[in-house]
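Here's a quick briefing to keep beside you while you scroll through the structure. Have a look first, then read on.

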Amino acid sequence: MTANDTTTVAPPAPLPPAGLRALSPDRLRARFANPLASKELLARMRGPRAYIVAITLLLPLAGVAGLLYMMISSLPNAEFASSTPVGKLFFATVTTVELGLICLLAPALTADLISGERERRTLDLLLVTPLSRRQIVVGKLVAALGSLLVLIVLALPIQAVAVLIGGVGWEELAVSLLILMLTATTYGCVGLYWSACLRTTRGALLLSYITTLAGVGGLPLAFMLALLGNGLFGTRNMDDLLWPLAWLLNGPQWLGNRYSGNAQVLNPVTMQLEAVVGQLLMATNPLLTGVTSAAGLVAGRPVIALERVANVELLYVAPWLLFTGVHLLVAGALIWLTARTLRRMTA
Amino acid sequence: MSEALPSQPCGEALTPQPCGDALTSQPCGDALTSQPCGEALPSQPCGEALTPRPPLPQVGEGERDTMNRASTTGSSVGARFIAPDAPTGAPAATPDVVPTSLTPQPPLPLAGEGELGGEGFALEARGLHKRFGRMVAVHDFSLQVPRGAIYGLIGPNGAGKTTSMRMLATLLQPDGGDAWIAGASIRTEQTEVRRNLGYMPDFFGTYAELRVSEYLDFYAACHGVPAARRAGVTDDLLALVDLTHKRDSYVEGLSRGMQQRLGLARALVHDPAVIMLDEPASGLDPRARLELREVVRELGRMGKAVLVSSHILAELADLCTHIAIVDGGRVLADGRVDEVTRRLNGGRAVRVQVLGEGESLRDVLLTRPDVHAVQLEAGEYSAAHPGAADEPSDSPSAAGMVSTGADERAGASAGGAPAGSGMATVRFVLDGDEHALRTLLAELVAANFPIYGFGHDTGGLEDVFLQVTRRLGDTPT
């Protein structure tokens, strides 16, 4: 291979061995380049949609943050204003608002990916190209979610004000970024899946929002109702059932103290099972994962550990890690399902 | 030559003379030679034989010479597909609008060549079957499209044309049967099929946010055309479909006809060996139709196999080399146009154009045992009988020819041969093949009939179509 290979118009150089050829830039580009993603990005950036999305996310977020900051800075006690709980409160509020906006945007960005092609009568034209169904799905998804993911990064400075106020570390910021991005991806995939299943974009959008609402709000709502029921009717059972949440929030000591007196109350096997199910359940929800992850980070708990709770060794996995696993899995499954739906469409 | 007046039976006002019209049209092959039009090498394309023909009166005298190249349509419209930089006075035999991105003789990787009987059809379907619920949409659909053929798929709405095409385009899995496109099975080698097939659906949308050149570039990329070649491909195709001036316009702003042409260009981005056009002319005005037709012809000249469907016979009549009549989800008749006509008429539909009144020619023909259904249409082009030009041989008279199959003079009564100098057209059905046709022509010329046109009669298609579909109605499927 000569150095100025690319500039010559000379006859082509002898082919490198097959192994190297597979790694040549052209091959790699052909393998990973997705024409659909480039085209979609171009088309998306052209319309007003890109601005609408950016404004929908950044404007309310900046508004909430600004309002909170003004409230905080107007507090009479300056020392209190720069204290830990205020920073945490700011961070929690801003992040929750951002999560809500993402849940609003992600399905809206993806619910028309396939059904929109169908409605525009361009789907057949895509399906007769040699692109694989997965390439079509991934290409469209990357373009639709790419802009949202970039926006989430752009919103980071707004969240980072909490670090300036104090009480929030960079780890929390990183974890929140991870959770927000994964939420956007997963619920984007939900929209994508419904858009492949349903004939119309409107139907796909409706089902996507229902799914998102159930996924993000369902579990916290159920917990709230459970706690409320417990408070009203005083059923101890409920309390026992919710112990994994308390464990994740407060650490093993607290729970150990509680159950140290009557260890027989909880069967070790049941406890193990409940711990696993409880953690996994929590990992399906961005809100609960955010809260429990923050608690874990504050308490300095390791990412993975064995914790002794009421004489039982339980495996603790940092909620954000489980959340990442669960959401990547779900997103992957949804992409696969969407590609399969596209394949079946032509059967 | 004043021939371009609406004398054609096909309904299109500006349609060109069909292949094999004139005695000089040797290579056209429809009637005089056994060489099929579509299978001929692109260097002797159908319709080229009539060149050089001077521009028609309505074409401005100052128009460029290349206009002559479009003389197959006999109108100025067709010339719009000639690349502006086309060499003037180029030999008619070499199509000068062949874009470099389209290979004139596509390399067909005919994997299943042995399986396909060694003849290497560009497209072959065997017993395709598709049902939707209890409704059988396509039943035993079989077809063989040779390379270079322009294959017309004709049938009424709901005949199963679109379903068949969607199956061939790998958009619909057949319930039974199989088909091969450039040797690749639509069941098992779908990616290979998609590489070799350019498909234009009957209805399709566009991406409004893209510019015309970006649109083609995008589909070229989807088809794996290397980035370095895409710009060239886009330019060539835009020139082919005459959209170069719209290169930077948004697709949204194009007219229906332009979008249709863009759609056709899209189907060609990967230089496919087989092209399928589903009702390409639907919703187009006559001018756009002519333009589209000219492009399709051009593709045939390049040796591409083109499968084009329509429910309007006139659209395909003088465009196609082959034809398949489809109804009730099955192919009722298929083959070369003249073969189909002959098979169904029990002979070969022939049209002879003669100077003079033509009655003596008719009388001679009537005495021959191998000639049936003789009709005389007189004075088509005669200035003395301008009204007669309004009497093309449309279906009523022609249908009579088919249904009686005897020496009926139904058509003759309408025109009435003009006395003195004029022109007449005699239509008849001849038993026998090309040799019989040749012999007959030799005899007629030897007998000093002032024949100026002798050829295959495409007007018969209309009757064939009616006849075949009627027959289907009689027999329970």
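What covers the buried residues of H16(A)? The cover includes helix H14 (243–250), helix H17 (286–299), strand S2 (312–317) and helix H18 (319–345) of chain A. Keep in mind that this is a predicted model. The notes below start with that helix, then go to the domains of chain A, the contact between chains A and B, and chain B itself.

**Helix H16 of chain A**
- H16(A) runs over residues 268–283, and at 1.5 Å a residue its 16 residues should span 22 Å. The end C-alpha atoms are 22 Å apart, so the expected span and the model agree.
- The buried residues in H16(A) are A:Met271, A:Glu274, A:Ala275, A:Gly278, A:Gln279, A:Met282 and A:Ala283.
- Those buried residues sit on the same side of H16(A), because they cover an arc of only 160 degrees around the axis.
- Flip to the face turned away from the buried side and you'll find the exposed residues A:Val269, A:Thr270, A:Leu273 and A:Val277.

**Two domains in chain A**
- Chain A splits into domain 1 (34–215) and domain 2 (224–323).
- The C-alpha centres of these two domains of chain A lie 30 Å apart.
- Where they touch, domain 1 of chain A puts in 11 residues and domain 2 of chain A puts in 10 residues.
- On the domain 1 side of that contact, helix H6 (84–110) and helix H11 (170–197) of chain A each supply at least two residues.
- H11(A) gives the largest share of that side, with 8 residues.
- Sorted by class, the side of domain 1 of chain A that touches domain 2 of chain A has 5 nonpolar, 4 polar and 2 charged residues.

**Where chain B meets chain A**
- This contact takes 24 residues from chain B and 19 residues from chain A.
- On the chain B side, the elements giving two or more residues are helix H2 (190–196), strand S6 (197–200) and helix H3 (212–222) of chain B.
- H3(B) gives the most to that side, with 4 residues.
- The chain B residues on the side that touches chain A come out as 14 nonpolar, 7 polar and 3 charged.

**Chain B overall**
- Chain B has 13 helices and 14 strands.
- Of its 477 residues, 56% count as buried in chain B.
- Among contacts in chain B with a separation of 6 or more, 71% come from residues 24 or more positions apart.

Definitions and conventions: Residues are numbered from 1 along each chain as its sequence is written. Chains are lettered from A and ligands numbered from 1 in the order in which they are written. This is a predicted model: local features need pLDDT of at least 70, side-chain atom pairs count only at pLDDT 80 or more; totals for chains, interfaces and linings use all residues. The expected span of a helix is 1.5 Å times one less than its number of residues. A residue is buried if 20 or more other C-beta atoms lie within 10 Å of its own, exposed if 12 or fewer, and partly exposed in between; C-beta atoms are placed from the backbone. The arc is that of the directions from the helix axis to the C-beta atoms. Two residues are in contact if their C-beta atoms, placed from the backbone, lie within 7 Å. Ala, Val, Leu, Ile, Met, Phe, Trp, Tyr, Cys and Pro count as nonpolar, Asp, Glu, Lys and Arg as charged, and the others, Gly among them, as polar. Domain bounds come from an automatic or database domain assignment.
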